[in-house]
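The following report describes the strand pairing, helix packing, backbone geometry and ligand surroundings of one model. Please read it alongside the sequence and the structure.

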Amino acid sequence: MQPVQTISSSTVDRAPEQGWQAQLSGAIRNPKALLAAVGLDERWLPGAMGGHEAFEVRVPQAYLSRIQKGNPDDPLLRQVLPLAHETRAVAGYVTDPLEEADHTPAAGLIHKYAARVLMITSGACAINCRYCFRRHFPYEDHAASRAQWHRTLDYLRDDDSLIEAILSGGDPLLSSDTRLAWLVGELDAIPHLKRLRLHTRLPVVIPDRVDDAMLAWLSSTRLQKVMVLHINHANEIDDAVVQACVKLKGAGVTLLNQSVLLRGVNDDVEVLRTLSERLFEAGILPYYLHVLDPVAGAAHFDVPDHEAHQLHDRLREALPGFLLPRLVREVPGAGAKTPVEALDASLTPN
Ligand code: SF4
């Protein structure tokens, strides 16, 4: 049997000296190149092409460098390699599982929770995760112009019940620092806002995104800053990610993590325990463990609720309480994340 090798900098052009935009431009964007880079043969290609046509491959080199060469079951590879499963229709799996289209009072704005709004700041990501609940999201309809951004900001100014602005996407950190500095400056000037939250995977997939220009606008706002990262497996946290986290904490950012429970990636107690421990070593608190949103093309990642619940119970025994993420799902129309336990209880007859 061929030994599994980690892809080294000699086999992958990581170009760590380049800026994050150059690394973004150099991301792998087709299945053939991805298979070659991870040492898999072209038997995987037909299935990968099918998935790629629905949702294109995108993998930056910094993330690729953490994948074991020649291992089709690598937990990081499974998150980014399209499979034939994605093209099969499965009952209950839909293009807008969270019904977000019903909660958009202005272009680029989703307001479905009390006291906080979510601003779609960028319509793309640095990596395309195969299980993404927004893989079919019509970002082009939410690409706000400068005038629309002003209307969005007016919406925030006019509603003094809002205390938190959440920058999301896609990945908000794909926007330029010039644009983000302007936007955060505008939010800073809205007196009833207290917090700025960013939902991002960029510091994980291209750690060099956390550069001086980004730290400058992050450090200058009066708003309390929370960054919710997205990490599903401990192998995603290498030294470069740890260094990026050190810089973010130095800028006064509270770091949280949300994961998605994914078949074949992290549906194992020891994998989840190791993830929580590694997160904490990197200065990140485990926050949410989401069950999969039923998005078309991702059914093969599903872990049924009863199994998710059992895993979470065993995880509770393995970890101190502060390292236990909350097991939740998004329910369309609900005012907050819904604990999976609560759903189970509601299904139990009295
Ligand atoms: S980074 Fe987040 S929003 Fe982007 S593809 Fe992955 S899961 Fe989806």
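Strands β3 and β4 form a hairpin with two residues between them; strands are DSSP runs of E of at least two residues and helices DSSP runs of H or I of at least four, both numbered from the N terminus. This is a predicted model, in which local features need pLDDT of at least 70 and side-chain atom pairs count only at pLDDT 80 or more, whereas totals for chains, interfaces and linings use all residues. Residues are numbered from 1 along each chain as its sequence is written. Within the hairpin, Ala115 has a positive phi of about 70 degrees although it is not a glycine, and its place is the loop between β3 and β4. Most residues other than glycine have a negative phi, and most peptide bonds are trans. A cis peptide bond is found between Gly169 and Gly170, with omega about 20 degrees. Gly170 belongs to the loop between β5 (164-168) and α7.

The hairpin strands belong to a wider arrangement. Nine strands, in the order β3-β4-β5-β6-β7-β8-β9-β10-β11, form an open sheet with mixed pairing; two strands pair if DSSP finds at least two bridges between them. At the edges are β3 (109-113) and β11 (338-339), each of which pairs on one side only. The table lists four of the pairings, each with one pair of facing residues.

| Strands | Sense | Bridges | Facing residues |
|---|---|---|---|
| β3 and β4 (residues 116-120) | antiparallel | three bridges | Ile110 and Leu118 |
| β7 (residues 224-230) and β8 (residues 253-260) | parallel | six bridges | His230 and Gln258 |
| β8 and β9 (residues 285-290) | parallel | five bridges | Leu256 and Leu285 |
| β10 (residues 326-329) and β11 | antiparallel | two bridges | Arg329 and Thr338 |

Helices connect the parallel strands in the table. A right-handed β-α-β unit is made by β7, helix α10 (residues 239-250) and β8; a crossover is right-handed if, with the strands pointing away from the viewer, the path from the first strand over the helix to the second runs clockwise. From β8 the chain crosses through helix α11 (residues 269-281) to β9, and this β-α-β crossover is right-handed. Helix α10 packs on the sheet, touching β7 and β8, and its direction makes about 135 degrees with that of β8.

How do two of the helices meet? The axes of helix α7 (residues 177-188) and helix α9 (residues 212-220) come within 10 Å and cross at roughly 0 degrees. Axes here are lines fitted to C-alpha atoms, for helices over the stretch in contact, with angles from 0 to 180 degrees between N-to-C directions. Helix α7 is therefore roughly parallel to α9, a term that covers angles under 35 degrees. On the α7 side, Asp177, Leu180, Ala181 and Val184 meet Ala213, Met214 and Trp217 of α9; residues are in contact if their C-beta atoms, placed from the backbone, lie within 7 Å. By class, this contact has six nonpolar, no polar and one charged residues. Ala, Val, Leu, Ile, Met, Phe, Trp, Tyr, Cys and Pro count as nonpolar, Asp, Glu, Lys and Arg as charged, and the others, Gly among them, as polar.

Which residues are around the ligand? They are Cys125, Ile127, Asn128, Cys129, Cys132, Arg134, Gly170, Asp171, Arg201 and His230, where a residue is near a molecule if its C-beta atom, placed from the backbone, lies within 6 Å of it. By class, this shell divides into four nonpolar, three polar and three charged residues. Among its members, Gly170 is joined to Gly169 by the cis peptide bond, and His230 has Gln258 in β8 as its bridge partner.

Technical notes
Parallel < 35°, antiparallel > 145°, perpendicular 65-115°, else oblique. Contact = placed C-beta atoms within 7 Å.
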